[in-house]
Amino acid sequence: MSLSSVLSADAIDSAIKDCQAPDSFCPKKFFQLCGLSKKSPQDVKKVFGILDNDASGFIEEEELKFFLQRFRPGARVLTDKETKAFLSSADDDSDGKIGAEEFQAMVLS
């Protein structure tokens with residue numbers, strides 16, 4: 001399954017363009033621009049499964065760095081600052097990774 005089966009290519013492009021500059025990535029704004037925040041909890045879980053590259057049930061810091069590239073190959077890698085901010089904003093139980101429920105809460109809140 002690809003992200004384009006849940007989100008439109010135009011919306012993904014718009015979200016990627018908005019955060020091209022280093023340290024300009026804001027997860028909440030990205031989820032709004034790509035349309036994910038308007039999707040059903042089931043669709044958000046599908047997207048989580050795609051982003052969980054190693055199928056561990058969590059999105060770890062290493063996977064977060066390449067977050068934008070999961071939406072569009074060739075997109076930039078998140079900076080360390082962006083990666084850590086993203087992780088801390090979604091990691092409610094402070095275990096150093098984002099679970100499916102944490103991801104869903106962040107996207108849909």
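**Figure 1. A salt bridge joins D13 and R72 in this predicted model.** Here the side chains of D13 and R72 come together, with N and O 3.1 Å apart. D13 sits in helix α1, which covers residues 9-18, while R72 belongs to the loop between α5 (67-71) and α6, so the salt bridge ties together parts that are 59 residues apart in sequence. Look at how much of each partner is open to the outside. D13 is partly exposed, with a relative accessible area of 25%, and R72 is also partly exposed, at 26%. If you wonder what brings such partners together, remember that side chains of opposite charge can pair when their charged atoms come close.

**Figure 2. D18 and K29 form a salt bridge between two helices.** The closest N and O atoms of this pair are 3.3 Å apart. D18 is in helix α1 and K29 is in helix α2 (residues 27-34), so this salt bridge ties together parts that are 11 residues apart in sequence. Are these two residues buried, partly exposed or exposed? D18 has a relative accessibility of 34%, which makes it partly exposed. K29, with a relative accessible area of 39%, is partly exposed as well.

**Figure 3. K46 and D43 pair up within one helix.** Their side chains meet in a salt bridge, with 3.4 Å from N to O. Both residues belong to helix α3 (residues 41-51), where they are three residues apart, or about one turn of the helix. K46 counts as partly exposed, at 38% relative accessibility. How many salt bridges does the model have? The count comes to six, and the pair of K46 and D43 is one of them.

**Figure 4. E102 and D95 share one annotated binding site.** According to an unreviewed UniProt entry, the annotation "binding site" covers D91, D93, D95, K97 and E102. Start with E102, which you will find in helix α7 (residues 100-108). E102 is buried, because its relative accessible area is 9% and buried means under 20%. Which residues does E102 touch, once those up to four places away in sequence are set aside? The list is A90, D91, D92, D93 and K97. There is a polar detail to spot here too: a polar atom of the E102 side chain lies 2.9 Å from the backbone nitrogen of D92. Now move to D95, in the loop between α6 (80-90) and β2 (97-99). D95 is partly exposed, with a relative accessible area of 34%.

**Figure 5. Q104 lies in helix α7 and touches P41, V44 and K45.** This view stays with helix α7, where Q104 has its place. Q104 counts as buried, at 17% relative accessibility. Its contacts with P41, V44 and K45 leave out residues up to four places away in sequence.

**Figure 6. D52 and D54 belong to a second "binding site" annotation.** The unreviewed UniProt entry gives this annotation to D52, D54, S56, F58 and E63. Both D52 and D54 are in the loop between α3 and β1. Which of the two is buried, and which is partly exposed? D52 is buried, with a relative accessible area of 6%, whereas D54 is partly exposed, with 47%. Setting aside neighbours within four places in sequence, D52 is in contact with G57, F58, I59 and E63. D54, on the same basis, is in contact with E60 and E63. E63 therefore appears in the contacts of D52 and of D54.

**Figure 7. F71 is part of the largest nonpolar core.** This core has 32 residues, and those with the most contacts inside it are F30, F67, F71 and F103. The elements giving two or more residues to the core are α1, α2, α3, α5, α6 and α7. Which element gives the largest share? That is α3, with five residues. To see the core from the point of view of one residue, follow F71. Apart from its neighbours within four places in sequence, F71 is in contact with L3, L7, I12, I16, F30, C34 and L51. A general tendency helps you to read this view: in soluble globular proteins, nonpolar side chains tend to be buried together.

Terms used. Residues are numbered from 1 along each chain as its sequence is written. This is a predicted model: local features need pLDDT of at least 70, side-chain atom pairs count only at pLDDT 80 or more; totals for chains, interfaces and linings use all residues. Side-chain values use heavy atoms; hydrogens and water are left out. UniProt positions are given in the numbering used here, feature names are shortened, and annotations may be inferred rather than shown by experiment. Helices (H or I, at least four residues) and strands (E, at least two) are DSSP runs, numbered from the N terminus. Buried means under 20% relative accessible area, exposed over 50%, partly exposed in between (1.4 Å probe, protein chains only). Contact means heavy atoms within 4.5 Å. A polar contact is a pair of N or O atoms within 3.5 Å; within protein, one must be able to donate a hydrogen and the other to accept it, and residues adjacent in sequence count only if both atoms are side-chain atoms. A salt bridge is a side-chain nitrogen of Lys or Arg within 4 Å of a carboxyl oxygen of Asp or Glu. A nonpolar core is a set of buried Ala, Val, Leu, Ile, Met, Phe, Trp, Tyr and Cys residues joined through side-chain atoms within 4.5 Å.
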